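Reader: I would like a close look at a single part of this model, namely its charged side chains and the way they are paired or left unpaired. Please set that part within the chain as a whole.

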Amino acid sequence: MIISGKELSATLKAQMAETVATFPEKYGRVPHLVVILVGNDPGSVSYVTGKAKACEVTGIKNTTIRKPETITEDELLALIRELNEDDSVDGILVQLPLPKHISEAKVIETISKEKDVDGFHPLNVAALWQKQPCTVACTPKGIIRLLKAAGVQIAGKRAVVIGRSNIVGLPVAKLLLDENATVTIAHSRTADLASVTRSAEILVVAIGKPRFVTADMVSEGAAVIDVGVNRDPQTGKLCGDVDFEAIEQKASVITPVPGGVGPMTICCLMENTIECFLRRQ
Ligand code: NAP
């Protein structure tokens, strides 16, 4: 079964739109997300456009602030501080990656925890690991939603996450653990990766290498979540980290690329913006 993140996110966004439509009467306004885009990287421009469209669908107010690649770190941090103080702003997102002269860590720390819709702020990350209320990073949150919507039971299952980045691998592993899976985190130094992945009943792949996971690395009936977004070196088309066509035959459920985890990430960004708005009421 192919799990369509596109369909699930459309359903969830329609539900959010209904909720947001009640806000003007209840709270006098709708949630407001500010997205800062530095430079003209085509990938980033397309992600930011997708976020603006999702805001439109859900009824969330969106402001996209575009800055040239030459903006200094101090100027960008000053802009974020200004938005932190602005009561009409509920969520702030700075599109990554940033030009090399700007520290992403400083940018992430400068966004106030309360407006950190990405869930990347160290205080949100710490709260997640301490099971405290927090904003959960969008991609990991979307992955759990997808698994649940597909009817995959997580509790008691052996889950393997390939990748240990702060934005995907580690938080996904933590969320799976919180759902009572037994979790193994694999990475570039994992010995005999295939034997580890073959033990997985739930396999989440977040590496960033086209079709890296082959059918022999997946056990029959596994639920496979493909987070990777790559260009196929031969066709130039978008593809994931797993060999979809081959693994589709073995997996019980699998996410496609595009149309799997990606739309859920944006959907959860909308949800996080609404949550930040509600916490501030
Ligand atoms: P990242 O920071 O580059 O992390 C990649 C991880 O993969 C690292 O932990 C690395 O291990 C591991 N890895 C690399 N080569 C490996 C190998 N040969 N065997 C096993 N593990 C290996 O990437 P990321 O930010 O987590 O993103 C991963 C992918 O997800 C990318 O394609 C990205 O574009 C995509 N992504 C998609 C969404 C979405 O919404 N769909 C959101 C975010 C990211 P080490 O730690 O040992 O280096």
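Author: What follows begins with the chain as a whole and then turns to the charged side chains.

The model is a predicted one, and its chain holds eleven helices and ten strands. A compact globule of 281 residues would have a radius of gyration near 19 Å, and because the chain itself has 19 Å, the two agree. Taken along the principal axes, the C-alpha atoms fill a box of roughly 50 × 40 × 40 Å. Buried residues account for 49% of the 281 residues, while the accessible surface comes to about 13300 Å², with 53% of that area belonging to carbon and sulfur atoms. Of the contacts between residues at least 6 apart in sequence, 70% join residues at least 24 apart.

Against this background, the count of salt bridges comes to 13. One of them joins Lys106 to Glu73, with the closest N and O atoms 3.0 Å apart. This pair links distant parts of the chain, since Lys106 belongs to helix H5 (residues 104–110) and Glu73 to helix H4 (residues 73–85), 33 residues apart. The two partners differ in their cover: Lys106 is partly exposed at a relative accessible area of 42%, whereas Glu73, at 14%, counts as buried.

Another salt bridge brings together the side chains of Arg280 and Asp90, at 2.6 Å from N to O. Here too distant parts of the chain are linked, with Arg280 in the segment after helix H11 (261–279) and Asp90 in the loop between H4 and strand E3 (91–94), 190 residues apart. Arg280 is partly exposed at 28% relative accessibility, and Asp90 is buried at 0%.

A further salt bridge is formed by Arg145 and Glu271, whose closest N and O atoms are 2.7 Å apart. Arg145 lies in helix H7 (residues 138–149) and Glu271 in helix H11, so this pair ties together parts that are 126 residues apart in sequence. Arg145 counts as partly exposed, with a relative accessibility of 31%, and Glu271 counts as buried, with a relative accessible area of 15%. Through salt bridges that share partners, Arg145 and Glu271 are joined with Lys141, Glu275 and Arg279 into one network.

Asp241 calls for separate treatment: it is buried yet has no salt bridge. The nearest side chain of opposite charge is that of Lys209, 9.2 Å away, and because a salt bridge requires a side-chain nitrogen within 4 Å of a carboxyl oxygen, this pair does not count as one. Asp241 is found in the loop between strand E9 (238–239) and helix H10 (244–247). A polar atom of the Asp241 side chain does, however, lie 2.6 Å from the backbone nitrogen of Ile207. Beyond residues up to four places away in sequence, Asp241 touches Val205, Ala206, Ile207, Gly208, Lys209, Arg211, Phe212, Val213, Asp226, Gly228 and Asn230.

An uncharged residue may be set beside these. Ile36, in strand E1 (residues 32–38), counts as buried because its relative accessibility is 0%. Leaving aside neighbours within four places in sequence, Ile36 is in contact with Ile65, Leu76, Leu79, Ile80, Leu83, Leu93, Val94 and Gln95.

Note on methods
Residues are numbered from 1 along each chain as its sequence is written. This is a predicted model: local features need pLDDT of at least 70, side-chain atom pairs count only at pLDDT 80 or more; totals for chains, interfaces and linings use all residues. Side-chain values use heavy atoms; hydrogens and water are left out. Helices (H or I, at least four residues) and strands (E, at least two) are DSSP runs, numbered from the N terminus. Buried means under 20% relative accessible area, exposed over 50%, partly exposed in between (1.4 Å probe, protein chains only). Lys and Arg count as positive and Asp and Glu as negative; His and the chain ends are not counted. A polar contact is a pair of N or O atoms within 3.5 Å; within protein, one must be able to donate a hydrogen and the other to accept it, and residues adjacent in sequence count only if both atoms are side-chain atoms. Contact means heavy atoms within 4.5 Å. The radius of gyration is taken over C-alpha atoms; the globule rule is 2.2 Å times the number of residues to the power 0.38. Accessible areas come from the Shrake-Rupley method with a 1.4 Å probe; for residues, only the protein chains shown count as cover.
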